[in-house]
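Let's take a walk through this structure, one feature at a time. The sequence and the model come up next, and the notes follow.

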Amino acid sequence: QPLATTYLVSPSAVRSGPTLKQARVGHSATLLTTGEVLVAGGASDAAISSALGSTELFDPVTGTVASGP
């Protein structure tokens, strides 16, 4: 089941994060040297037959998600 929900995890707490623009399953999330998190790829269906070529970028300073590069 593709999801658009996110969670922010720290050593002391887990809390809800911002909603992704595109629900995804099987994607990757990579912490960049800037502190931002790049969410890439995955699929838009549970069978993973509809591959996504889009990316999203989470900015921890503003707490928002934007379309990625």
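## Ground rules

Strands here are DSSP runs of E with at least two residues, numbered from the N terminus. With that in hand, Val9 can be placed in strand 1. Keep in mind that what you're looking at is a predicted model.

## The largest pocket

Let's begin with empty space. Rolling a probe the size of a water molecule over the atoms shows where such space is left. The largest pocket found comes out at a volume of about 260 Å³. Its lining counts 15 residues, and those closest to the pocket centre are Thr5, Thr6, Tyr7, Leu20 and Val39. Two elements give two or more residues to that lining: strand 1, covering 7-9, and strand 4, covering 37-40.

What is the lining made of, in terms of nonpolar, polar and charged residues? The split is ten nonpolar, four polar and one charged.

## A nonpolar patch on the surface

Tyr7 turns up again on the outside: together with Val9 and Val14 it makes a nonpolar surface patch of about 360 Å². Is Val9 itself buried or exposed? Val9 has a relative accessible area of 65%, so it counts as exposed, the cut-off being over 50%.

## One salt bridge

Side chains of opposite charge can pair when their charged atoms come close. How many salt bridges does the model have? The count is one. The partners are Arg24 and Glu56, with their closest N and O atoms 3.2 Å apart. This pair ties together distant parts of the chain, 32 residues apart: Arg24 is in the loop between strand 2 (14-16) and strand 3 (28-31), while Glu56 belongs to strand 5 (residues 55-59).

Are the two partners buried or exposed? Arg24 has a relative accessible area of 2%, and because buried means under 20%, Arg24 is buried. Glu56 is also at 2% relative accessibility, so Glu56 counts as buried by that cut-off.

## Around Thr5

Back to Thr5, one of the residues closest to the centre of the largest pocket. Thr5 sits in the segment before strand 1. Its relative accessible area is 49%, which makes Thr5 partly exposed. In sequence, Thr5 and Arg24 are 19 residues apart, and their C-alpha atoms lie 9.3 Å apart in space.

Thr5 can be paired up with Gly63 too. For these two, the separation is 58 residues in sequence and 13 Å from C-alpha to C-alpha. Gly63 is part of the loop between strand 5 and strand 6 (64-67), and at 34% relative accessibility Gly63 counts as partly exposed.

## Strand 5 and the loop after it

Strand 5 holds Thr55 as well as the salt-bridge partner Glu56. Thr55 has a relative accessible area of 18%; that is under 20%, so Thr55 is buried. Thr55 and Gln22 are 33 residues apart in sequence, with 9.1 Å between their C-alpha atoms.

In the loop between strand 5 and strand 6 you'll find Val61. Is Val61 buried or exposed? At 76% relative accessibility, Val61 counts as exposed. As for spacing, 8.7 Å separates the C-alpha atoms of Val61 and Gly35, which are 26 residues apart along the chain.

Definitions and conventions. Residues are numbered from 1 along each chain as its sequence is written. This is a predicted model: local features need pLDDT of at least 70, side-chain atom pairs count only at pLDDT 80 or more; totals for chains, interfaces and linings use all residues. Side-chain values use heavy atoms; hydrogens and water are left out. On a 1 Å grid over the protein atoms alone, a cavity is a set of points where a 1.4 Å probe fits but cannot get out, and a pocket is an open set with protein on both sides within 12 Å along at least five of seven lines; lining residues have an atom within 4 Å of a point. Grid points are joined across faces, edges and corners, and a volume is the space filled by probe spheres set on the points. Helices (H or I, at least four residues) and strands (E, at least two) are DSSP runs, numbered from the N terminus. Ala, Val, Leu, Ile, Met, Phe, Trp, Tyr, Cys and Pro count as nonpolar, Asp, Glu, Lys and Arg as charged, and the others, Gly among them, as polar. Patches are made of residues with over 30% relative accessible area and no salt bridge: like charges are joined within 9 Å, nonpolar side chains (Val, Leu, Ile, Met, Phe, Trp, Tyr) within 5 Å. Accessible areas come from the Shrake-Rupley method with a 1.4 Å probe; for residues, only the protein chains shown count as cover. A salt bridge is a side-chain nitrogen of Lys or Arg within 4 Å of a carboxyl oxygen of Asp or Glu. Buried means under 20% relative accessible area, exposed over 50%, partly exposed in between (1.4 Å probe, protein chains only).
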